[in-house]
Amino acid sequence: MTQATEHAPKDLDPTSRAARRGHDREIIALALPAFAALVAEPLFVMVDSAVVGHLGTPQLAGLGVAAALLTTAVNVFVFLAYATTAAVARRVGAGDLPGAVRQGMDGVWLALLLGAALVAVVLPTAPALVDLFGASATAAPHAVTYLRISSLGIPAMLVVLAATGVLRGLQDTRTPLYVAIGGFTANAALNVTLVYGAGLGIAGSAWGTVIAQAAMAAAYLLVVVRGARRHGASLRPDPAGIRACAQAGVPLLVRTLSLRAILMVATAVAARLGDADVAAHQIILTLWSLLAFALDAIAIAGQAIIGRYLGAGNRAGAQVACRRMLRWGIVSGVVLGLLVVATRPLFIPLFTSDGSVHDALLPALLVVAVTQPVAGVVFVLDGVLMGAGDGPYLAWAMIATLAVFAPVALLVPVLGGGLTALWWAMALMMTVRMATLWLRTRSGRWIVTGAVRS
């Protein structure tokens, strides 16, 4: 927790070459570890799948259903990371490190409360949730077992989100990377040991994940508690502070739910196009998520840097940082788009050997490649406005995007369109997002300075 002071705003002309180079170095220093940590997160499920897959098809199917439920439940509360990053970064910019840590502790306490509530809901309703997802009779018992045990780790998962936000706000993305690597390694070792060594089957996989997540949460709490003691910040729950964190998170929750609805509509439409199209759609979504990790890393840097500059009252610095990150987003999008085109012959055979899936996949992938520069702009501006604490606008913008996308996507099968048409609808969705975010950024209304956005 020392990087907060190391990266404090310098007294430089924000338009000077030295300042621009400083922004570039800082963006890279924050974004690269953030990208590596983001990639490490989905590896948890991949390890579980690899280990459980050798137990049998029903166990693997059950894991798939339970993991989807858990991932959805946890990702809905990703605002714990986003809102905390912005709030802590503002305090850092204002030179109030004790207040920054105190703000972070409020987010951690909120995570614990939400986690406890989710456990209380999931444990008794696990069989009904599994049935709702359409698990087969053979897979359902395994899904219920995994879901019930893994739900005990939800509070730790949410604490990890909140504590990650604290460290990002303190301009530290390296510690989350180290914790993610440690958690992935522990999860892999525990899965093999408990599933096969102890003979616990799919329950062993669930317990391994719970223990690994608890260890990650403990590591984060150790870092945060040490920082609180160093700066004299209270560790006790502050009801007013927790309420403020929850209120700041509500708009981001609406934004996240709207985005999840867009992805659900897209998948539902793909399912109506036929088996080959829906299989190709799932492959594209997997690739799209990987590309999103790279662009989201720049957005995370944006959240931390913009929040800090606004907290310091440095409007010009925030605007210049926004422009520099926008250039990074566009260039990264162009590079990623070219990589998609160039590597298609290499990675497509890794996913499928079915000729019909292959035929559906190729033209839709070109749409994904073409829209990567647009995605680069969207992710960066999303991060900028999150760092500014402009959550209410982000919520309304995403609702408007959903309202445009849903009818267009639903018309695809009606008009006889295929998967490529659906992904052109996704391209439209990203373009609408870019337009709404660009208009807000150009207006300057997001620039509200001070330790707390009023």
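The legends below describe close-up views of a predicted model.

**View 1. Helix H17 and the residue that follows it.** Helix H17 covers residues 419-443, a run of 25 residues. At 1.5 Å a residue a helix of this length should span 36 Å, and the C-alpha atoms at its two ends lie 36 Å apart, so the expected and the computed span agree. Directly after H17 comes Gly444, a residue whose phi is positive, near 75°.

**View 2. The aromatic pair of Trp288 and Trp423.** The search of the whole structure finds 2 aromatic pairs, and one of them is formed by Trp288 and Trp423. The arrangement of this pair is edge-to-face, with 5.9 Å from centre to centre and 70° between the planes. Because Trp288 belongs to helix H12 (residues 275-311) and Trp423 to helix H17, the pair ties together parts of the chain that are 135 residues apart in sequence. Trp288 and Trp423 are both buried.

**View 3. The largest cavity, with both tryptophans in its lining.** Of the 3 cavities of 30 Å³ or more that are found in the whole structure, the largest holds about 70 Å³ of space. Its lining consists of Trp288, Val368, Thr371, Gln372, Ala375, Trp423, Met426, Ala427 and Met430, so that the two rings of the preceding view, which form the edge-to-face pair, reappear here as lining residues. The elements that give two or more residues to this lining are helix H15 (372-387) and H17, and the largest share, 4 residues, comes from H17. By class, the lining has 7 nonpolar and 2 polar residues, with no charged residues.

**View 4. The second largest cavity, lined in part by H16 and H17.** The volume of the second largest cavity is about 50 Å³, and the residues that line it are Arg255, Asp382, Leu394, Ala397, Met398, Thr401, Arg433, Thr436 and Leu437. Two or more of these residues come from each of H16 and H17, with H16 giving the largest share, 4 residues. Sorted by class, this lining has 4 nonpolar, 2 polar and 3 charged residues, whereas the lining of the largest cavity has no charged residues.

**View 5. The second largest pocket and the helices around it.** The second largest pocket contains about 550 Å³ of space. It is lined by 29 residues, and those that lie nearest its centre are Ala83, Ala87, Gln103, Ala244 and Ala248. Helix H5 (79-93), helix H6 (97-132), helix H11 (239-273) and helix H16 (391-414) are the elements that give two or more residues to the lining; H16 also contributes to the lining of the second largest cavity. The largest share of the pocket lining, 8 residues, comes from H5. By class, the pocket lining has 16 nonpolar, 7 polar and 6 charged residues.

**View 6. The cysteines Cys245 and Cys322.** Cys245 has a relative accessible area of 11% and Cys322 one of 5%; because both values fall under the 20% limit for a buried residue, the two cysteines count as buried. A disulfide is a covalent bond between the sulfur atoms of two cysteines. With a cut-off of 2.5 Å between cysteine sulfur atoms, the count of disulfides in this model comes to 0.

Methods:
Residues numbered from 1 in each chain as written. Predicted model: local features only at pLDDT ≥ 70, side-chain atom pairs only at ≥ 80, totals over all residues. Heavy atoms only, no water. Expected span 1.5 Å × (residues − 1). 1 Å grid on protein atoms, 1.4 Å probe; cavity = no way out; pocket = protein on both sides within 12 Å on 5 of 7 lines; lining within 4 Å. Points joined across faces, edges and corners; volume = space filled by probe spheres on them. Nonpolar A, V, L, I, M, F, W, Y, C, P; charged D, E, K, R; others polar. Buried < 20%, exposed > 50% of the residue type's maximum accessible area, 1.4 Å probe, protein only. Phe/Tyr/Trp six-rings, centres within 6.5 Å; stacked < 30°, edge-to-face > 60°.
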